[in-house]
Amino acid sequence: MRAARLIRLVLLLQSRPSMTGAELARELEVSERTVTRDVAALSEAGVPVYADRGRAGGYRLVGGYRTRLTGLGRTEAEALFLSGVPAALRGMGLADAASAARLKVSAALLPELRDASHTAAQRFHLDAPGWWQEPETPGLLPAIADAVWDDRRITARYRRRDTEVERELEPYGLVLKAGVWYLAARTEGDFRVYRVDRFTSVELSAAPGPHGRFERLADFDLPAFWEERAAQFARSLLREEVVLRLTEEGARRLPYVTDRTAVQEAVAAAGGPDGQGRITVTLPVESLDVAYEQLLALGPEAEVLSPPELRERFAAAAARAADLYR
């Protein structure tokens, strides 16, 4: 651990003109006293670290010294490609590896380009969770991420409805969707998707193979797999149908309140507008309760024609609203 910290300290000083002890302590997550001891150790090893005394003092490298310890390791290189998702890196336990990779890249750049990471971070930021959601990192995420990186089989217990099941899994990839982590894993020859926050235990498997590892299928494409499964999942939720009469404005706004693909298909299958310029569509929905909540947002731009119980519910809501504003 100390050797890695000393390398990070040198790279930090190599990427900036000078840094105070407090700044180094904050970056390295140690005390200022530890920074002082580390600087002394570097000096004894022949690294020309100079300490400027006084209130504006700090540490700097003398004479344009440059370390050659800038080669990226595999973990650092892989983490670097995820560096735009800091919360995901922290959740998977890769924040330190990404930090070391960024430092090595900065150290290899020309002096006038070393602020590139800072300027980019101040201009672009990815915030993965949806609005009004408190992001939570599942406790078992780091263990699962380790198994994914190392192609290690796992024995996992998973909550499914009111029971727990145990599965032998080959963890292929992790997906962060709207603040929720999912695992794409192969079990019994099939690929399935699991919510990481529903795992109750994860252990490295004693299944056959060198050190419990599995051979990844060369043609597995995680983004393509996720896109297909996500579309299947979204469509599997649409178990009911409603018939609507929409104004032109209602047809324009409908994709913003329910499944966009389902709306596009419904509108494409609809006939031409009637004498009042309205079209009639048959729309798949998750449930009548969900449809009620979603379609209320369209107000008078959408009229429910069927099923009768949903039409009656909208009529009652419209009557209550009319009483309020009479």
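**Note on helix 3 and its surroundings**

1. The buried residues of helix 3 are Thr34, Val35, Asp38, Val39 and Leu42. When the helix is viewed down its axis, these buried residues fall within an arc of 140 degrees, so they line one face of helix 3. On the other side of helix 3, Arg33 and Glu44 are exposed, and it is worth finding both sets of residues in the structure above.

2. This is a predicted model, and its confidence should be kept in mind while reading the other points. The protein has an average pLDDT of 82, with 76% of the residues scoring at least 70. Confidence is lowest in helix 4, residues 74-80, where the mean is 54, and it is highest in strand 10, residues 302-306, where the mean is 96.

3. The length of helix 3 can be checked by a simple calculation, since its 13 residues, numbered 32-44, should span 18 Å at 1.5 Å a residue. The C-alpha atoms at its ends are 19 Å apart, which agrees with that expectation. Helix 3 is followed by Gly46, a residue whose phi is positive, near 100 degrees.

4. Which residues does Asp38 touch, if those up to four places away in sequence are not counted? They are Arg2, Arg5, Leu6 and Leu9. Asp38 itself lies in helix 3, and it counts as buried because its relative accessibility is 1%, where buried means under 20%.

5. Ala297 offers a second residue to examine, and its place is in the loop between helix 12, residues 288-295, and strand 10. Because its relative accessibility is 46%, which falls between the limits of 20% for buried and 50% for exposed, Ala297 counts as partly exposed. Leaving aside residues up to four places away in sequence, Ala297 touches Arg253 and Val257. Ala297 and Tyr256 are 41 residues apart in sequence, while their C-alpha atoms are 9.6 Å apart in space.

6. For the protein as a whole, the secondary structure comes to 13 helices and 10 strands. Of its 326 residues, 34% count as buried, and the accessible surface comes to about 20,300 Å², of which 52% belongs to carbon and sulfur atoms. Among the contacts with a separation of 6 or more, 62% are accounted for by residues 24 or more positions apart.

Technical notes:
Residues are numbered from 1 along each chain as its sequence is written. This is a predicted model: local features need pLDDT of at least 70, side-chain atom pairs count only at pLDDT 80 or more; totals for chains, interfaces and linings use all residues. Side-chain values use heavy atoms; hydrogens and water are left out. pLDDT is the predictor's confidence in each residue, from 0 to 100. Helices (H or I, at least four residues) and strands (E, at least two) are DSSP runs, numbered from the N terminus. The expected span of a helix is 1.5 Å times one less than its number of residues. Buried means under 20% relative accessible area, exposed over 50%, partly exposed in between (1.4 Å probe, protein chains only). The arc is that of the directions from the helix axis to the C-beta atoms. Contact means heavy atoms within 4.5 Å. Accessible areas come from the Shrake-Rupley method with a 1.4 Å probe; for residues, only the protein chains shown count as cover.
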